[in-house]
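Here is a walk through one structure, written for someone who would rather be at the bench. Have a look at the picture first, then read on.

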Amino acid sequence: LLLTWTATSRADAPDPAALVARLARPAPASVAFQEIRFSPLLKEPLRVSGELSYTGPGALDRKVTQPYQEHTMIRGESVRVEREGEPPRSFALKRAPELKGLLSGFTALLNGDAAGLKREFAVSVEGAEETWVLELEPVDPKAHRRIQRIVVNGGGSDPRCFSMLNDKGGGSVMLLGESAKADLGSKPTLDTVLARCRGE
Amino acid sequence: MKRTLQAFLLLAAWVGALALLGLFVQRQLVIGTDLRLFLPSPKTPEQKLLLEGIGEGPATRALVVALQGAEPERLADLSRALTQALHDSEHFQLVSNGEMSLDAVPEDLLPYRYLLSPTLDQTRFDVAYLRTQLKARARDLASPAGDYLEEWLPRDPTLELVKVLERWQPMQEPRREYDVWFDQSGTRALLVAQTRAPAFDPDRQRAATQALEQAFRELNEDPRITMTVSGAGKFSVLMEERTRTEAQMLGTAATVGMVVLLLVAYRRSSSIVLSALPLASAGLAGLAAVSALFGTVHGITLAFGFTLIGVAQDYPIHLLSHRRPDVEPYAVARSLWPTLATGVASTSIAYLTFLFSGVVGLAQLACFTVAGLAVAGLSTRFLLPALIDPAGRDYGHPGLLDRINAAIERLPRARWVAAVIVLLCAAGLATARTPFWENDLGRLTPVPEDLLMQDQELRSQLGTPDVRYMVAVHGQNDQAVLARLEQLEPSLLALVERRAIKGFDHAARYVPTEATQHRRQSRLSDPEQLRADLQEALKGTPFRPEVFEPFAEDVEIARKLPPLTVDRVRDTPLGAGIEMLMLEREGVATGLITFSGVADPIALGEWADAAGPDVLLLDLKDASESLVAHQRTSLLWSLAIASLLLVGVIALSLRDRWRVLRVLMPMILTTLIALAILRATGVSLSMFHLIALILAAGLGLDYALFFEHAADDAAEQRRTLHAILVCSLSTLMVFALLAASSLPVLQAIGVTVTIGVVSNFILALLLTRPAGENRVRA
């Protein structure tokens, strides 16, 4: 079954530029998310959920509502984190390549800017119209060391998952929109979550 | 000019010698710009610190940089780019925009975080403390900041390094936007750039400012963004440029005026060459003498020296005006020589006393002027006559001069004028309301008011150290000083609490005493205990039990570390701040406490008094004013001695009480008049007024001597009149130009000398000319 699937997908894998163009959303756009973070430091992944919103080029907001309140603002090269009961903190985006990946990948997608995406990532698409996988691999070797690849899963013109994976077996997976409501069970692993993203 | 082979050879030799001297000067001359050369040697500890330590201290070296004109995030980006670009610049010791970077700390200093952070003063790394910390870290890890912390967390789950770095930030934290400093309104990104050069060094300050501006131009892509740089160093560059431009402009105008005047007076172009030769010789001789004796020449010495030896221009003018076809030029020079020599000697005496004023700058000025005047006088006497063609106009022939002379003859020899002048001047001096002396050095090269306001505003936004108040804590060694600083910390915090100050900074905030470090060390649990507590604390957190082993290892290292010393930190990139806060001289260690936002200096003074005799509040404004006053005292002593010597020289040369009185009277009265006019118009006197008064007195003496000397024959009288008219007109022109300057230093000299020239000339006419009945009428 897998073989035939791959075969068919090759035949009618969507054209990357067309796919990216289809994913474009006019700013401001927002989407619910559930993020599952895997880290070698952790026994079990950390899970938070909330809303991700895009207000224009270089401006991304990540609002966590569960299990606590937290608001992250990305503006240009700067990040500011506000958490309930704590003084706000801010740091430069250059310190967090993962975040920079999220920003450039996400905004390029939301802008429908295939050319912009290709400047920073090697882009490849697999799958079919109803279940596609867009893989982004950072071109910049320094960024590549921290994020091995960004995987966007989706169907039609809706992205379902946005995953950033590093080579230490960690990373985070963001389930977007309808998928954000999914119940992942008590102890999800990176593999089970990724499988879920692929719609398996 | 004489057209003989001999004259030509002499001219060639002279010019050649000047060129050689010029070459020597160019090779030897190092122009210094440190203003402190013009201050006397310090007497009080405050003055010592001002001149030796703090003149180069943290407050004066800090340039405040503001970026404005675009969205805050763009400004923040540029602020970061600038900081990074200037990080390794040779011009800056430290460039900071408030951003903290974990990788700024060298690896071997990392375990010291447990000895430097105050955490262990309050708590131990027990189960309860570790558990709250670990729970907070889990949230951090799930936030976007998690990516940034993930690598560091196993080594530092309590984020001790972040606490240390935060402690090393200024106390009065400016607003932060996107991780970097901003002003309160959030519209200007702020940076502090600490230059390596002291503020007093305009050349190196200029290089630093230029490096900053170049980096800005290269990095900024947004034409809306502008950069403002402010601080003592920037001002010294600005003022030096203004002074230089204006002096150059005035100098050019004076030269053109001089050439025109000489052409009108002598109607031949050779007069320009002839009168320029002694002056050029004087300038070069002065420079050579100073660079041979002192090594470096101060910029101010150079500027004033050239103004002062302008008098030398008068010497060839006297010779040229007295030239006549029937007398060999050498004979003319010989007959003028006693008068000329008396003038040179007496002027030199006035400056010679500066040599012993104890102020290097003044000594340089004296050396320059004396050498210059002597060379100008001697070359006028012995070299110049060989070049002068005796044929040509005799200025002793009757003509326009005669009519002037007749008008002068009709003037009363008004000895009573002296009494009137003394009374008027006394009244003028008595009515003056401003302080007699100007003690504020800054007033002489004043920074425009709006720039000062802007600077103050930026500094208060950033909380950079106050430039006026500072505390010095003395002790036997670093440890004693650090201990004292730690002791003072609670009462300093109380001052902040009372809002007397907004913040303070001292070395112990960076490096605690060995005792404190040992105490913290002793509160670190032993390895087994720590590992056991950590395992217990990890229960109920999402972390794997084994990941914090690097933390346990670092704590183990920290327990055995020798305490961190100031010297050790000095050699690291973190040393920049400490470098300026700990001074060591002659076996005495001095720690400085700097303040920001000083709102209540009286409370600060009371605090310092209560703290003990080893804690000294420095009011740098006071210290610099007392220095200026001290400098003036030595200058006034020099002047008093000079006056006595001067009277002696004149008496020796004229040998007649009444002649001496006639010669000295205009000079004395002129000094009085100049003082009275300056004071009545609200001017407070500075060192530069005093120097200008000496110059004016020297000029007056020359005029009086020549008037006195020309007492015997009408043609000679006319020649003298011609000479004095040319001299005084040229001097008047040069100094009237200076008086029009917008810069107080140049203006002070210009106004004083202009008053002096006019008054000396008129008074010499009224008081010095011998009575008419003694004269042979033409």
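What follows covers the contact between the chains, then the strands of chain A, and then a few local details.

**Where the chains meet**

Keep in mind that this is a predicted model. Let's start with the contact between chain A and chain B. Chain A puts 31 residues into it and chain B puts in 36 residues. Together the two chains bury about 3,100 Å², with 52% of that on carbon and sulfur atoms.

What about charges across the contact? There are two salt bridges between chain A and chain B. In one salt bridge, Arg83(A) pairs with Asp140(B), and the closest N and O atoms sit 2.8 Å apart. Going by polar contacts, ten residue pairs link chain A and chain B, counting pairs with both residues at pLDDT 80 or more.

Which elements of chain A give two or more residues to the side that touches chain B? They are β2 (46-56), β4 (70-75), β5 (78-83), β6 (89-92) and α3 (97-111) of chain A. The largest share comes from β6(A), which gives four residues. Sorted by class, this side of chain A holds 15 charged, ten nonpolar and six polar residues.

**The strands of chain A**

One of the elements just named, β2(A), is also a good way into the strand pairing. On one hand, β2(A) pairs with strand β1 (residues 29-38) of chain A in the antiparallel sense, over nine bridges. On the other, β2(A) runs antiparallel to strand β3 (residues 59-66) of chain A, joined by seven bridges. From there, β3(A) goes on to pair with β4(A), again antiparallel, through six bridges.

Here are some of the residues that face each other across these strands:

| Residue | Partner | Partner's strand |
|---|---|---|
| Ser30(A) | Ser53(A) | β2(A) |
| Ser49(A) | Gln66(A) | β3(A) |
| Gly50(A) | Val64(A) | β3(A) |
| Lys63(A) | His71(A) | β4(A) |

The turns are worth a look too. The hairpin of β2(A) and β3(A) has two residues between the strands, and Gly58(A) takes a positive phi near 75 degrees there. The hairpin from β3(A) to β4(A) uses three residues as its connection.

**Backbone oddities**

As background, most peptide bonds are trans, and most residues other than glycine have a negative phi. Now for the exceptions. The peptide bond from Gln66(A) to Pro67(A) is cis, with omega near 0 degrees. Pro67(A) belongs to the loop between β3 and β4 of chain A. Gln66(A) turned up in the table as well, as the residue in β3(A) opposite Ser49(A).

Over in chain B, Leu159(B) is not a glycine, yet it has a positive phi of about 50 degrees. You'll find Leu159(B) in the loop between α8 (146-149) and α9 (160-167) of chain B.

**The disulfide**

How many disulfides does a search of the whole structure find? Over all chains, the search finds one. The partners are Cys161(A) and Cys197(A), with their sulfur atoms 2.0 Å apart. The torsion about the S-S bond of Cys161(A) and Cys197(A) is about -80 degrees, so this disulfide is left-handed. Cys161(A) lies in strand β10 (residues 158-165) of chain A while Cys197(A) lies in helix α6 (residues 190-197) of chain A, so the pair ties together parts that are 36 residues apart in sequence. As a reminder, a disulfide is a covalent bond between the sulfur atoms of two cysteines.

Conventions: Residues are numbered from 1 along each chain as its sequence is written. Chains are lettered from A and ligands numbered from 1 in the order in which they are written. This is a predicted model: local features need pLDDT of at least 70, side-chain atom pairs count only at pLDDT 80 or more; totals for chains, interfaces and linings use all residues. Side-chain values use heavy atoms; hydrogens and water are left out. Contact means heavy atoms within 4.5 Å. Buried area is the accessible area (1.4 Å probe) that two parts lose on being put together, summed over both. A salt bridge is a side-chain nitrogen of Lys or Arg within 4 Å of a carboxyl oxygen of Asp or Glu. A polar contact is a pair of N or O atoms within 3.5 Å; within protein, one must be able to donate a hydrogen and the other to accept it, and residues adjacent in sequence count only if both atoms are side-chain atoms. Ala, Val, Leu, Ile, Met, Phe, Trp, Tyr, Cys and Pro count as nonpolar, Asp, Glu, Lys and Arg as charged, and the others, Gly among them, as polar. Two strands pair if DSSP finds at least two bridges between them. A disulfide is a pair of cysteine sulfur atoms within 2.5 Å.
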